[in-house]
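Student: I would like to go through this structure with you and ask, term by term, what justifies each label. Could we begin with the aromatic residues and then move on to other sites?

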Amino acid sequence: MNLTIENIVLVGSILLLISIVVGKTSYKFGVPTLLLFLAIGILAGSEGIGGIRFDDPQAAQFIGIVSLNFILFSGGLDTNWKAVKPILKEGIALSTLGVLLTAVSLGTFVWFLTDFTIYESMLLGSIVSSTDAAAVFSILRSKSLALKTNLRPTLELESGSNDPMAYVLTLAFLTLVINQDQSILSIIPMFLQQMLVGGIGGFLFGKASKFIINKIKLDFEGLYPVLVIALMFITFSATDFLGGNGFLAIYICAVYLGNQDLIHKKTILKMYDGLAWLMQIVLFLTLGLLVFPKQVIPVMGIGLLISLFLIFVARPIGVFLSLIFFKMKLRRRFYISWVGLRGAVPIVFATYPLLAGIEKANMMFNIVFFISVTSVLFQGTTLSLVAKWLHVGLPETSKKLSATDMLLTENPKAEMQEFTISANCAAVDKQIVALGFPKNAIIAMIKRDGSYITPNGATQLQAQDHLIVLADRPEIFEDVRKVLTTPSA
């Protein structure tokens, strides 16, 4: 079947429905949901029962980049800065030096094992060097793994922030493959520019986005998530236009926004959670359609050797050497090494050599696909088991709720108090979003001039307002009192 304008919506919606239904039951059998999405795409492809002919790496790359925007942005919004801050240095080391060491060690192995040139080998190593954000976010959250100390934030920070490094390395070695006469030193300025402009751009766009979201007055609550989507794409494309790394920029922008008080933040987070799942399904279905299983079979032997080396040698080298100067228990290092899941991101990056038209691009794509499948299948299904073996897991009931979890929870607040805003209070004429209100307390109702107002983040407090505040625990009201009774300067 050839995809046309007339049938693409029907086919896409049927595949989406099948993916959701199958994904709902997949964990009963311990199979990662994302792997099933990929399998459904393959079965629907030209060599499967669906017979859909899809052989367009450029379209797949476009879909991949758009999907990664949503996945990384959603992951950034869910990142709790207070949890990440203590392990920020470890996370940065893993997402930069760890990725580089993984790429170099794996590339060296590929060079000895195959007839690839050194630059082609390093290109393959770079493509699969990063931990896949979609796979890690999806599997960790779907399994509701409770991990000791700061292990979970470390894993999520690394997976969310290391794709930019792998992307830069992929572009750099692809340039060297195409231009054999260039020196490896020539890629250093590009690397520095990508990372610096990407990091600075992400932070500046984050601050600008917060200002726009909280200051613009839209008539409908549903428009705020749409506004955030526009700001997300502007952040990515503008940073890329300026020569920076767009993936790094949107992740930093999202981390900043996720830890700020925003108008209709709960609506934004809920929508992005759903969109992230949608984009993961679309991404894996698309990549499944792009793959031709008959072309993967001939490279399975060499792919298995490379995959095993990546899991048991290259990834541990990257983790242990990048964390060598940090105090961390050995079993935690082993677990971080094990959660080196490769998923859709390497397959998306493998489309760059295809579009560049290099000689061994097709073989490289099929090897990367096989590595990603074996990684998700082998490592993704054993995360809970390995956590138990290494004694780094906790009972699910011990899992601490993040600020985002508390914001999205539907559990009713157990305590209620009423506060009156005095005329000399610093909160007068301030929007609720600007108060710095405790995360686990809400203003449920405002009584003003004999009428009741249901507030939102844009509501401005006035003198003599009577606020009905709900909270999880009585002690939270002490923090509420500080916010609502502090006199103006």
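**Labels and the values behind them**

Tutor: In this predicted model, Tyr167, Phe236, Phe247, Phe349 and Tyr352 form one aromatic cluster. The structure holds 16 aromatic pairs.

Student: What makes Trp338 and Phe378 an aromatic pair, and why is the pair called edge-to-face?

Tutor: The ring centres of Trp338 and Phe378 are 5.5 Å apart, and rings pair if their centres lie within 6.5 Å, so the two count as a pair. Their planes stand at 75 degrees, and because an angle over 60 degrees counts as edge-to-face, that is the label they receive.

Student: What does this pair tie together?

Tutor: Trp338 belongs to helix α16 (residues 330-338) and Phe378 to helix α19 (residues 361-378), so the pair links parts that are 40 residues apart in sequence.

Student: How do you know whether Trp338 and Phe378 are buried, partly exposed or exposed?

Tutor: Trp338 has a relative accessible area of 13%, and since buried means under 20%, Trp338 is buried. Phe378 has a relative accessible area of 37%, which falls between the 20% limit for buried and the 50% limit for exposed, so Phe378 is called partly exposed.

Student: What makes Phe349 and Tyr352 an edge-to-face pair?

Tutor: The planes of Phe349 and Tyr352 are 65 degrees apart, and an angle over 60 degrees is edge-to-face; the centre-to-centre distance is 6.5 Å, and centres within 6.5 Å count as paired. Phe349 and Tyr352 are both buried.

Student: Why is Arg448 called buried?

Tutor: Arg448, which is found in strand β4 (residues 441-448), has a relative accessibility of 14%, and because the limit for buried is under 20%, Arg448 counts as buried.

Student: What is the evidence that the side chain of Arg448 makes a polar contact with the backbone oxygen of Gln460?

Tutor: A polar atom of the Arg448 side chain lies 2.8 Å from the backbone oxygen of Gln460, and a polar contact requires N or O atoms within 3.5 Å, so the distance meets that cut-off. Leaving out residues up to four places away in sequence, Arg448 touches Ile453, Gln460, Leu461, Gln462 and Asp465. From C-alpha to C-alpha, Arg448 and Asp465 are 5.3 Å apart in space, although they are 17 residues apart in sequence.

Student: How do you know that Ser129 and Thr154 count as buried?

Tutor: Ser129 lies in the loop between α6 (118-127) and α7 (133-142), and its relative accessible area of 2% is under the 20% limit, so Ser129 is buried. Beyond its neighbours within four places in sequence, Ser129 is in contact with Val99, Thr102, Ala103, Ala166 and Arg342. Thr154, in helix α8 (residues 151-161), has a relative accessible area of 0% and is therefore buried. Thr154 touches Ile87, Leu94, Arg332 and Ile336, again not counting residues up to four places away in sequence.

Student: Which residues line the largest cavity, and how are they divided by class?

Tutor: The structure holds 1 cavity of 30 Å³ or more, and the volume of the largest cavity is about 30 Å³. Its lining includes Leu34, Phe284, Gly343, Ile347 and Ser372. The elements giving two or more residues to this lining are α2 (33-44), α17 (344-349) and α19. By class, the lining has 8 nonpolar, 2 polar and no charged residues.

Technical notes: Residues numbered from 1 in each chain as written. Predicted model: local features only at pLDDT ≥ 70, side-chain atom pairs only at ≥ 80, totals over all residues. Heavy atoms only, no water. Helix = DSSP H or I, 4+ residues; strand = E, 2+ residues; numbered from the N terminus. Buried < 20%, exposed > 50% of the residue type's maximum accessible area, 1.4 Å probe, protein only. Contact = heavy atoms within 4.5 Å. Polar contact = N/O pair within 3.5 Å; in protein donor to acceptor, adjacent residues only side chain to side chain. Phe/Tyr/Trp six-rings, centres within 6.5 Å; stacked < 30°, edge-to-face > 60°. 1 Å grid on protein atoms, 1.4 Å probe; cavity = no way out; pocket = protein on both sides within 12 Å on 5 of 7 lines; lining within 4 Å. Points joined across faces, edges and corners; volume = space filled by probe spheres on them. Nonpolar A, V, L, I, M, F, W, Y, C, P; charged D, E, K, R; others polar.
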